[in-house]
Amino acid sequence: MAYPQAAQPQPVSPPSVKVILTSAELARVVDRIAHQILEKTQGAAGTVLLGVPTRGAPLARRLAARINAFEGIAVPVGVLDITLYRDDLRRHAVRAIGPTQVPPEGIDGKRVILVDDVLFSGRTVRAALDALSDLGRPSSVQLAVLVDRGHRELPIRADYVGKNIPTALAESVKVTLAETDGTDEVKLIGGAA
Amino acid sequence: MLKHLLSGADLDAATATLILDTAAEMATVAGREVKKLPALRGRTVVNLFYEDSTRTRISFEAAAKRLSADVINFSAKGSSVSKGESLKDTALTLQAMGADAVVIRHPASGAPHRLANWVEGSVLNAGDGTHEHPTQALLDAYTMRARLGRIAGLSVAVVGDVLHSRVARSNVLLLATLGAKVTLVGPPTLIPVDIGAALAPGTEVSYDLDAVLPTSDVVMMLRVQRERMADSYFPSAREYARRYGLDGPRMARLPDHAIVMHPGPMNRGMEIAPEVADSPRSTIVEQVANGVSVRMAVLYLLLGGMH
């Protein structure tokens with residue numbers, strides 16, 4: 001008599017990974033946003049770029065470098081840490097705060113362009129707007145993101161979008177940058193293969 | 001992260017460094033238009049002070065308010081304590097009022113440790129008897145790092161009334177964790193036997209201030225705590241000042257980069273001469289400003305996240 005066959009472990013398929021932007025494509029997208037900023041702000045006068053950590057900070061520096069390369073304009077760049085303004089502080093273990101660096105020119109009366117890697121729920125941007133209002137009073141605030149993946153939970157939209165990626169909630173968008181991760185790439189991970 | 005901050009020994013090097021780094025970011029808030037952060041909105045911090053204090057209480061109050069916490073100040077004078085209410089009953093009352101953190105100063109060593117067993121929130125020791133004062137040690141370490149760029153490898157002389165000093169005990173513990181070399185200096189009557197070894201191995205003791213000064217990066221003068229002195233520990237104030245007070249000529253023996261610290265309040269002319277207290281080497285006013293930043297960091301790290 002044969003023993004009943006033991007259930008064979010089903011091979012767990014690794015989450016699908018799809019490259020959305022390669023290094024060269026990412027560079028082109030940054031170039032395009034830099035051009036769009038120059039166009040929409042009439043030469044980036046009175047403009048300050050503020051990157052939201054972690055990956056918004058190097059992105060803001062790259063945008064400033066490209067604007068400088070195209071038009072020879074030095075746009076002030078800073079970093080805006082939003083940790084203390086998050087609405088989910090109490091839902092997680094305590095988070096270490098990062099540096100906030102406002103350019104010496106300040107932000108009063110300036111056009112501030114917030115820079116982040118992925119626009120998702122919009123809560124990070126909401127926190128950034130609160131943080132900004134404690135630092136000064138910009139004449140206007142705009143938002144530049146590398147990727148807009150949808151699923152907004154707040155009435156927030158971006159002024160400059162590198163790439164719109166329709167996603168499912170179960171998927172995640174992973175941006176890596178040379179400055180923080182060693183390579184430039186945007187990947188879509190998980191969801192239906 | 002910790003739940004309570006009761007002792008300098010609660011902190012390992014990584015946690016202490018995280019607090020100092022966080023404090024450095026908190027310090028930037030002081031220069032802003034809106035000196036307020038929303039991180040502790042809706043949290044309640046009780047300042048429970050059984051002993052007189054100016055800077056520590058105000059510092060904790062300013063720190064909690066800058067983080068948007070609600071602050072309730074309680075001083076034993078004029079409260080039910082004068083009617084005989086015990087620490088435990090007072091603590092339970094505060095608990096019932098929904099305190100998320102209790103900052104306690106108490107004349108009895110160990111009172112904060114007892115309190116930590118009775119309340120659900122965080123307990124921060126703001127000085128207990130002659131035992132510990134951990135946030136003072138943190139702000140001293142912050143001040144050293146800000147002035148001298150590092151803590152590891154520094155030679156720190158802690159001078160004066162070590163016997164009664166909670167500041168000295170917390171500093172010895174924290175500075176040893178952060179890699180500084182501490183020498184306790186004072187008259188033999190005011191330095192408990194073996195205190196250095198008992199707190200942190202490697203701590204030295206000297207009874208000769210002039211011999212220690214030329215090799216010190218930091219001189220921390222302690223207040224002579226006459227209110228805790230039932231006996232005479234030295235013949236006269238003048239003799240104490242002559243042998244262990246830091247005056248101009250003594251300050252000149254220090255290396256050029258060395259700084260002079262004092263936790264306050266000072267007895268000018270006793271342990272520290274006015275010319276020293278007001279000199280550019282003195283960090284006394286900075287220490288007060290740094291105290292707010294360091295206490296903001298501690299409050300945020302204890303209360304900011306989920307428990």
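Where in chain B is the place of Arg105(B)? Arg105(B) sits in strand β3, residues 101-106 of chain B. The model is predicted.

**Listed binding site**

An unreviewed UniProt entry gives a "binding site" made up of Arg55(B), Thr56(B), Arg105(B), His133(B), Gln136(B), Gly264(B) and Pro265(B). Two of these residues, Arg105(B) and Pro265(B), are set out below.

| Residue | Place in chain B | C-beta atoms within 10 Å | State |
|---|---|---|---|
| Arg105(B) | strand β3 (101-106) | 26 others | buried |
| Pro265(B) | loop between β9 (259-261) and α11 (274-277) | 11 others | exposed |

Arg105(B) counts as buried because 26 other C-beta atoms lie within 10 Å, and the cut-off is 20 or more. Pro265(B) counts as exposed because its number is 11, and the cut-off there is 12 or fewer.

Leaving out residues up to four places away in sequence, Arg105(B) touches Phe49(B), Tyr50(B), Glu51(B), Ser53(B), Thr56(B), Ala126(B) and Gly127(B). One of these, Thr56(B), is also on the UniProt list.

**Nonpolar core**

The largest nonpolar core holds 144 residues. Leu63(A), Val102(B), Val158(B), Val219(B) and Leu299(B) touch the most other members. Helix α12 of chain B, residues 284-303, gives the most to this core: 10 residues. Domain 1 (8-133 + 288-303) and domain 2 (134-283) of chain B each supply at least three residues.

Which residues does Val158(B) touch, not counting those up to four places away in sequence? They are Ala168(B), Asn171(B), Val182(B), Leu184(B), Val185(B), Met220(B) and Leu222(B).

How values were computed: Residues are numbered from 1 along each chain as its sequence is written. Chains are lettered from A and ligands numbered from 1 in the order in which they are written. This is a predicted model: local features need pLDDT of at least 70, side-chain atom pairs count only at pLDDT 80 or more; totals for chains, interfaces and linings use all residues. UniProt positions are given in the numbering used here, feature names are shortened, and annotations may be inferred rather than shown by experiment. Helices (H or I, at least four residues) and strands (E, at least two) are DSSP runs, numbered from the N terminus. Two residues are in contact if their C-beta atoms, placed from the backbone, lie within 7 Å. A nonpolar core is a set of buried Ala, Val, Leu, Ile, Met, Phe, Trp, Tyr and Cys residues joined through C-beta atoms within 7 Å. Domain bounds come from an automatic or database domain assignment.
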